[in-house]
Amino acid sequence: SRPLTEIHAWYDKRPESYVAWWNEGGRSEEVYRSAGIMPTAKCPLLRLQWLRDHEADVFARAWKWLHATDFIAHRLTGEVGTDFSLASRTFAFDIHERRWNARALEIAGIPESLFPAVHRGVSPVGRVTGRAAEETGLPAGIPVVVGGHDHICGAAAAGALEAGAVVDSMGTAESLVGVVDALPVEEIQPGGYSYGCHVTGNQHYVLGSFSASGASVEWWIERLWLDRSVPKYEWLLGLLGGVPEGPTGVLYLPYLRGSAPPGKDPGATAVVAGLRDGQDSATLMKAVLEGLACESRRILENMPIPKKNDVIAIGGGTRNPHWMRLKAAVANRTFVVPPVDEAVAQGAALQAGVAAGAYRDLAEAVRVALRQAARVEPDPGLAERYDRWYRDVYLRAVQETGGLQEALKRFA
């Protein structure tokens, strides 16, 4: 088989009009509780609708739709398959029955035959063929797995395999992932959280995210970093090291790319308040981190599942000690930072290790691979001060700027 199109990137907005179509007449709500997610332009089911209506000749010749990792596995093995966690992101999968969602596909007018077989992430799709071995240098016959959804692979590598575990994945976007053993249909409620199947194969997760976490830090650095002779992050850490402890008095709602759940609004914009002429770039930069810490607390405390007190943190943001100390104080929780540089890749590799027979199961693989983690404990005094800031200022701003956000959209 050969590809019929270029890869459709996740940020491709062409299927945007289908989001509005799904939101008409209760279509989204009908599918949401079984699919676990609301429709967005990122969802493969909507992309297939767009392809059917705009590139009909290509759609008519299509045999299978595959995630990028599924496609690579197909080229290596000649087989097609995906895992439960990736299928959970399509808006075409029933996360309770762990099979393609017949009702969603019926509404969309997309045949189930376009989708690959679905299985646990530790189950091989197939084995490296002789031809693929010649082309790649890989040994023929070794098992190939597809891994899984990136945040969920990273959560597994960090040790989030038990109910109540929460992982804060800090990258360009920030996602908080909570693990649950069972997920009754009636517990899936609108509000912006996503639900899906864990890479373990027999558990579920709840995910809340916002798109401009590390992106906010980068956006502000590019505007405040004036002395380019000093390396960017050396400048940032030096700047933050000189700021007094406690709330800056500057509010930042980190909505450069929309707001987070609950009440997720993709059209929301960033808000800054409390500026005075005597404040400097260090104060502004710390205020950005305070806003990010408050937003992650808002996601976490509204996540509709039982949660352990400790939060496991992974991703590039964990390398900033000032940010981690702020997060611990704002949330009044201990943040556990495992020494895993590439948690997503490691999670996929551990699944491959299970498939190859190196480990009995994913839990054993994680126990062997996971080393002693650092712990960032909340300072009680700071936690009390930030709790007042969060409740009296941050939450109030989120609630009271709703009308302003709607007015701003009319001028966008």
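**Loops, sheet and helix packing in a predicted model**

Pro262 is located in the loop that lies between strand S11 (251–253) and strand S12 (271–273). In this model, which is predicted rather than determined by experiment, the peptide bond leading from Pro261 to Pro262 is cis, and its omega is near -5 degrees. Most peptide bonds are trans, and most residues other than glycine have a negative phi. Two further loop residues depart from the second of these tendencies, as described next.

Phe91, which is found in the loop between helix H6 (84–87) and strand S2 (93–94), has a positive phi of about 70 degrees although it is not a glycine. The relative accessibility of Phe91 is 0%, and because residues under 20% are classed as buried, Phe91 counts as buried. Arg98 is found in the loop that separates S2 from strand S3 (99–100), and its phi, near 55 degrees, is likewise a positive value in a residue other than glycine. At 23% relative accessibility, however, Arg98 counts as partly exposed.

With these local features described, the chain may be considered as a whole. Its secondary structure comes to 17 helices and 15 strands. The radius of gyration of the chain is 22 Å, which is close to the 22 Å given by the globule rule for 412 residues, so the chain is as compact as a globular protein of that length. Taken along the principal axes, the box filled by the C-alpha atoms is roughly 65 × 50 × 45 Å. Of the 412 residues, 51% count as buried, and the accessible surface of the chain comes to about 18,900 Å², with 52% of this area belonging to carbon and sulfur atoms. When contacts between residues at least 6 apart in sequence are considered, 73% of them join residues at least 24 apart.

Among the strands, seven form an open sheet of mixed pairing, in which the order is S9-S10-S8-S7-S13-S14-S15. Strand S9 (194–197) and strand S15 (374–376) are the edge strands, each of them pairing on one side only, and from one strand to the next the twist averages 25 degrees. Strands of a sheet pair through backbone hydrogen bonds, and the pairing may be either parallel or antiparallel. Both senses can be followed here by moving along the sheet from the S9 edge.

S9 and S10 run antiparallel and are joined by four bridges, with Leu207 in S10 serving as the bridge partner of Ser194. These two strands form a hairpin with six residues between them, and in its turn Gly201 has a positive phi of about 95 degrees. On to the next pair, S8 and S10 are also antiparallel, here over seven bridges, and the bridge partner of Gly178 in S10 is Val206. S10 itself is mostly covered, since seven of its seven residues are buried. Both of its faces are covered, with His204, Val206, Gly208 and Phe210 buried on one side and Tyr205, Leu207 and Ser209 buried on the other.

S7 pairs with S8 through five bridges in an antiparallel arrangement, and the two strands form a hairpin with three residues between them. By contrast, strand S7 (residues 166–170) and strand S13 (residues 311–314) run parallel and are joined by three bridges, one partnership being that of Val167 with Ile312 in S13. Asp168 has a neighbour in each of the adjoining strands, standing opposite Leu176 in S8 and opposite Ala313 in S13. Like S10, S7 is mostly covered, with five of its five residues buried; Val166, Asp168 and Met170 are buried on one side, and Val167 and Ser169 on the other.

Helix H12 (residues 281–302) lies across S7, strand S8 (174–180), strand S10 (204–210) and S13, and it runs at about 150 degrees to S10.

A contact between two helices completes the description. Two packed helices are described by the angle between their axes and the distance between the axes. Helix H9 (residues 150–157) and helix H14 (residues 343–355) pack at an angle of about 75 degrees, and their axes are 7 Å apart. Because angles of 65 to 115 degrees count as roughly perpendicular, H9 is described as roughly perpendicular to H14. On the side of H9 the contact is made by Asp150, Cys153, Gly154 and Ala157, while H14 contributes Ala343, Val344, Gln346, Gly347, Ala348, Leu350 and Gln351.

Technical notes:
Residues are numbered from 1 along each chain as its sequence is written. This is a predicted model: local features need pLDDT of at least 70, side-chain atom pairs count only at pLDDT 80 or more; totals for chains, interfaces and linings use all residues. Side-chain values use heavy atoms; hydrogens and water are left out. Two strands pair if DSSP finds at least two bridges between them. Axes are lines fitted to C-alpha atoms, for helices over the stretch in contact, and angles run from 0 to 180 degrees between N-to-C directions. Contact means heavy atoms within 4.5 Å. The radius of gyration is taken over C-alpha atoms; the globule rule is 2.2 Å times the number of residues to the power 0.38. Buried means under 20% relative accessible area, exposed over 50%, partly exposed in between (1.4 Å probe, protein chains only). Accessible areas come from the Shrake-Rupley method with a 1.4 Å probe; for residues, only the protein chains shown count as cover. Angles under 35 degrees count as roughly parallel, over 145 as roughly antiparallel, 65 to 115 as roughly perpendicular and the rest as oblique.
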